[in-house]
Amino acid sequence: MAETGKRVPDFELAFYEGYEYNGTAKMKLSDLQGKVVLINIWASWCKPCEQEAPDLQEAWQYYQENPDVVFVGVDYVDTPAGANEYLQKFNITFPNAPDLKSNISSILNRQMGVPETYLIDREGILRRVKIGPFTSVDEIKSAIDALLQ
């Protein structure tokens with residue numbers, strides 16, 4: 001299980017069609033070594049997730065040209081139809097993968113529910129866990145910028 005200050009155990013992501021990472025349908029977390037990674041666990045049935053979705057997308061648009069920053073959405077125990085509707089509703093463009101059996105959530109040590117966000121530094125070390133929704137784009141940017149220094 002992931003612990004703050006320690007390397008995150010490796011796991012595989014199989015992305016939703018249209019939400020791949022650089023055109024790659026499957027990849028491992030370890031493939032992102034050297035980058036700052038934001039992993040957001042969400043679900044289409046989660047109201048707080050809906051509150052933070054526009055801020056996450058806006059923050060992603062700010063960073064998407066930066067090769068050192070990757071956002072990954074992990075859809076927690078959801079239906080493909082629900083997930084697709086949610087991703088379209090909020091115009092999400094960053095990579096997203098399902099977590100139907102909560103394997104990824106278990107590895108990340110999901111604590112309270114959704115949303116939860118995990119910030120991983122360039123060395124693969126978990127630096128921050130945000131339980132509950134981010135409250136602003138600035139809060140997301142400051143969390144990422146702290147790891148880019």
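Me: Buried means under 20% relative accessible area, exposed over 50%, and partly exposed in between, using a 1.4 Å probe and protein chains only. Which of the three labels does Glu 3 get, and why?

Reply: Glu 3 has 42% relative accessibility, which falls between the two cut-offs, so it counts as partly exposed. Glu 3 sits in the segment before strand 1 (12–14). Its C-alpha atom is 26 Å from that of Asp 55, 52 residues apart along the chain.

Me: Before we go on, what sort of model is this?

Reply: This is a predicted model, where local features need pLDDT of at least 70 and side-chain atom pairs count only at pLDDT 80 or more, while totals for chains, interfaces and linings use all residues. Residues are numbered from 1 along each chain as its sequence is written, and side-chain values use heavy atoms, with hydrogens and water left out.

Me: What makes a stretch a helix or a strand here, and how many of each are there?

Reply: Both are DSSP runs numbered from the N terminus: H or I over at least four residues for a helix, E over at least two for a strand. By that rule the chain has 4 helices and 7 strands. Their order from the N terminus is β-β-β-α-β-α-β-α-β-β-α.

Me: How do you know whether the radius of gyration agrees with a compact globule?

Reply: Take the radius over C-alpha atoms and set it against the globule rule, 2.2 Å times the number of residues to the power 0.38. For 149 residues the rule gives a value near 15 Å, and the chain has 14 Å, which agrees. The C-alpha atoms fill a box of roughly 35 × 30 × 30 Å along the principal axes, and 52% of the residues count as buried.

Me: What makes two residues a contact, and how far apart in sequence do the partners lie?

Reply: Heavy atoms within 4.5 Å make a contact. Among contacts between residues at least 6 apart in sequence, 69% join residues at least 24 apart.

Me: Why is the largest nonpolar core called a core?

Reply: The name goes to a set of buried Ala, Val, Leu, Ile, Met, Phe, Trp, Tyr and Cys residues joined through side-chain atoms within 4.5 Å. The largest such set here has 51 residues, and Ile 39, Phe 71, Leu 108 and Ile 144 have the most contacts inside it. Elements that each supply at least two of its residues include strand 3 (36–42), helix 1 (47–63), strand 4 (69–76) and helix 4 (137–148). In soluble globular proteins, nonpolar side chains tend to be buried together.

Me: Which residues does Phe 71 touch, leaving aside neighbours within four places in sequence?

Reply: Its contacts include Leu 38, Leu 56, Trp 60, Tyr 63, Phe 94 and Ile 144. Tyr 63 itself, in helix 1, has a list that includes Phe 71, Ile 144 and Leu 148. At 3% relative accessibility, Tyr 63 falls under the cut-off and therefore counts as buried.

Me: And Ala 53: buried or exposed?

Reply: Ala 53 is at 2%, so buried. This helix 1 residue is in contact with Tyr 86, Phe 90 and Ile 92, again leaving aside neighbours within four places. The C-alpha atoms of Ala 53 and Leu 87 are 8.9 Å apart, with their positions 34 residues apart along the chain.

Me: Asp 75 has a charged side chain under the counting rule; is it buried or exposed?

Reply: Asp does count as negative, along with Glu, while Lys and Arg count as positive and His and the chain ends are not counted. Asp 75 has a relative accessible area of 0%, so it is buried. It lies in strand 4, and its contacts beyond four places in sequence include Tyr 16, Trp 42, Ser 44 and Asp 99.

Me: Which label suits Asn 91?

Reply: Exposed, because 55% relative accessibility is over the upper cut-off. Asn 91 lies in the loop between helix 2 and strand 5.

Me: What makes the backbone at Val 77, Ser 102 and Pro 115 worth a look?

Reply: Most residues other than glycine have a negative phi, and most peptide bonds are trans. Val 77 has a positive phi of about 35 degrees, and Ser 102 has one near 55 degrees. Val 114 and Pro 115 are joined by a cis peptide bond, with omega about -5 degrees. Pro 115 is in the loop between helix 3 and strand 6.
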